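Subject: Structure handover

Hello,

Here is the structure I promised to pass on. Please open it first, then read the notes below.

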2 protein chains.
Amino acid sequence: MGASAGSAKTGRSAKVGRPAKDSREKDAREAILDVAEERFAKHGFHGVTVREVASAAHVNTALIHYYFNSKKELFDAVFMRRAETINRDRLDSMDAYEARLGDRVSVEGAIEAFLHPVLKRLHEGGEGWRNYFALVGLVNSTTAWGGEVMTRYFDPVIHRLIDLIARALPGASKQDLYWSYNFLSGSLTLSLAETGRIDRLSEGVCRSDDIPALEPRMIAYAAAGFRSVCVRSA
Amino acid sequence: MGASAGSAKTGRSAKVGRPAKDSREKDAREAILDVAEERFAKHGFHGVTVREVASAAHVNTALIHYYFNSKKELFDAVFMRRAETINRDRLDSMDAYEARLGDRVSVEGAIEAFLHPVLKRLHEGGEGWRNYFALVGLVNSTTAWGGEVMTRYFDPVIHRLIDLIARALPGASKQDLYWSYNFLSGSLTLSLAETGRIDRLSEGVCRSDDIPALEPRMIAYAAAGFRSVCVRSA
DNA sequence: GTCTATAACTGGATAGAC
DNA sequence: GTCTATCCAGTTATAGAC
């Protein structure tokens, strides 16, 4: 996806028939994005230097400016790269669910359709996706500009979820629905951040990267929460 | 608390019998902490410069180093200043609740005892506490060092909550309890961050600083969530 | 305790060769 | 496209006067 688009755009052709240790041989642009993604996720925008990214990506700072103009635009490129893919996934997932269930949509089903594409990629998508989601988690709790960035990229998906749940809980007030969503959003983004907090807190009983343990619990927890908050208005 | 300890330590005595426009006229050290708290909460550790803090606090950088030695120690001082107060509050609140209810503790009651001291200060504690909680929210989602910092400062309070809930849900598994707590923690810290996200998302229907609207919903949501996740193990 | 001045260094960004 | 070399603004931190 992102990779091929990038190659096409920059018009590179194989310069050296590199031996390839994994059939991979990303071009520099993708390598920069991958490294930047990892660093930004761990340390935030200001905690990363372009020199550091350059060195870890085995290029130098001039090349980063060549591709992205500025550190800020590099960050935006990182954030945008996977946003469209995951948004498409989630919208498709919810559309399919609604098409299947029609008027029979349930809160659990809606939440699962909303969460599953993310958790699946978190679990099976490799390091890149894991880093990306950690970054989303961090941005979501950033007071200064987090709310604004999240709005720009993710609002349509969320409105789709809220519409679905509203069908499952007819009569629920907008206020109750939005507050409940906010609680779900917090739970999700903390899980995405994978800070290892729960590992330490539970002394190893839970592991923050144990998605198969997380997913059913998160769905059950959120669905019960929504119902409990929204029921009085319904 | 932190203030008096700080004064004693640095051996300051009232230099001027201060006129007071609000009985306030904080000494420089507190002014520095207040400003740093606000900036760190908004922009994170690396997004703030000590020059900027100095200038906003109407002192200069040398004084900051005089009091705190380094930027890192300034950050720690900010984080620590209110931690003990709020931890004491929450432990007292849960102790009082358990003393009152004994074997009759409920999930709702336990969660309320855990949340209320925080939400009360968020609502009525003024700007300082609001900034502090936003900082806690940000740190909690910081992959690099967030989990560790939170562990150091807040674990005892959380174990107290989990014990209480375990009494209300006898037989619940540790795993279910910890996962559920993690969901609650995410909801709480996102609310603390006050990113304005929910305001934008709901187009004004909800406001992230509307604690009286938030509190009952958060309690209901979390309690239903805990019950739903933990019931099968109970 | 608070200031000025500055040391010592790191940051993002660019010019220009290849 | 990718590199070397470099500019210079901004950073933390300290020395030393008052």
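A residue counts as near a strand if one of its heavy atoms lies within 4 Å of it. For the classes, Ala, Val, Leu, Ile, Met, Phe, Trp, Tyr, Cys and Pro count as nonpolar, Asp, Glu, Lys and Arg as charged, and the others, Gly among them, as polar. On that basis the surface near DNA strand C has nine nonpolar, six polar and three charged residues. Please keep in mind that this is a predicted model.

**DNA strand C**

In total, 18 residues surround DNA strand C. The closest come from both chains: A:Thr49, A:Val50, A:Lys71, B:Asn60 and B:Tyr67. Which part of the strand faces the protein? Of the strand C atoms within 4 Å of the protein, 54% belong to sugar or phosphate, and the rest belong to bases.

Three of the closest residues reach phosphate oxygens of DNA strand C:

- A:Lys71 uses a polar backbone atom, at 2.9 Å.
- B:Asn60 uses a polar side-chain atom, at 3.3 Å.
- B:Tyr67 uses an N or O atom of its side chain, at 2.8 Å.

Three helices each give two or more residues to the surface near DNA strand C: α3 (50–56) and α4 (61–68) of chain A, and α4 (61–68) of chain B. The top contributor is α4(B), with four residues.

**Chain A against chain B**

Next, the contact between the two protein chains. Chain A puts in 62 residues, and chain B puts in 62 residues. Together the chains bury about 5,600 Å². Carbon and sulfur atoms account for 65% of that area.

How many salt bridges link chain A and chain B? The count is four. One salt bridge to look at joins the side chains of B:Arg197 and A:Asp155, at 3.0 Å from N to O. Polar contacts across this interface come to 24 residue pairs, with both residues at pLDDT 80 or more.

On the chain A side, the elements that give two or more residues are α2 (28–43), α8 (126–140), α9 (146–168), α10 (174–193), α11 (197–201) and α12 (211–230). Among these, α10(A) gives the most, with 16 residues. By class, the chain A side has 27 nonpolar, 23 polar and 12 charged residues.

**Inside chain A**

The domain assignment gives chain A a domain 1 (22–79) and a domain 2 (82–233). Their C-alpha centres lie 28 Å apart. Domain 1 brings 11 residues to the contact, and domain 2 brings 15. The two domains bury about 1,100 Å² between them, 66% of it on carbon and sulfur atoms.

Which residues of domain 1 lose the most area to domain 2? They are A:Glu37, A:Ala41 and A:Phe79, together 61% of what the domain 1 side buries.

A:Glu37 also takes part in a salt bridge: its side chain meets that of A:Arg82, at 2.8 Å from N to O. Across the interface of the two domains, the rule finds one salt bridge. It also finds two residue pairs in polar contact, both residues at pLDDT 80 or more.

On the domain 1 side, α2 and α5 (71–81) of chain A each supply at least two residues. Here α2(A) gives the most, with five residues. The residues of this side divide into six nonpolar, one polar and four charged.

Best wishes

How values were computed: Residues numbered from 1 in each chain as written. Chains lettered and ligands numbered in written order. Predicted model: local features only at pLDDT ≥ 70, side-chain atom pairs only at ≥ 80, totals over all residues. Heavy atoms only, no water. Polar contact = N/O pair within 3.5 Å; in protein donor to acceptor, adjacent residues only side chain to side chain. Contact = heavy atoms within 4.5 Å. Buried area = accessible area lost by both parts, 1.4 Å probe. Domains from an automatic or database assignment.
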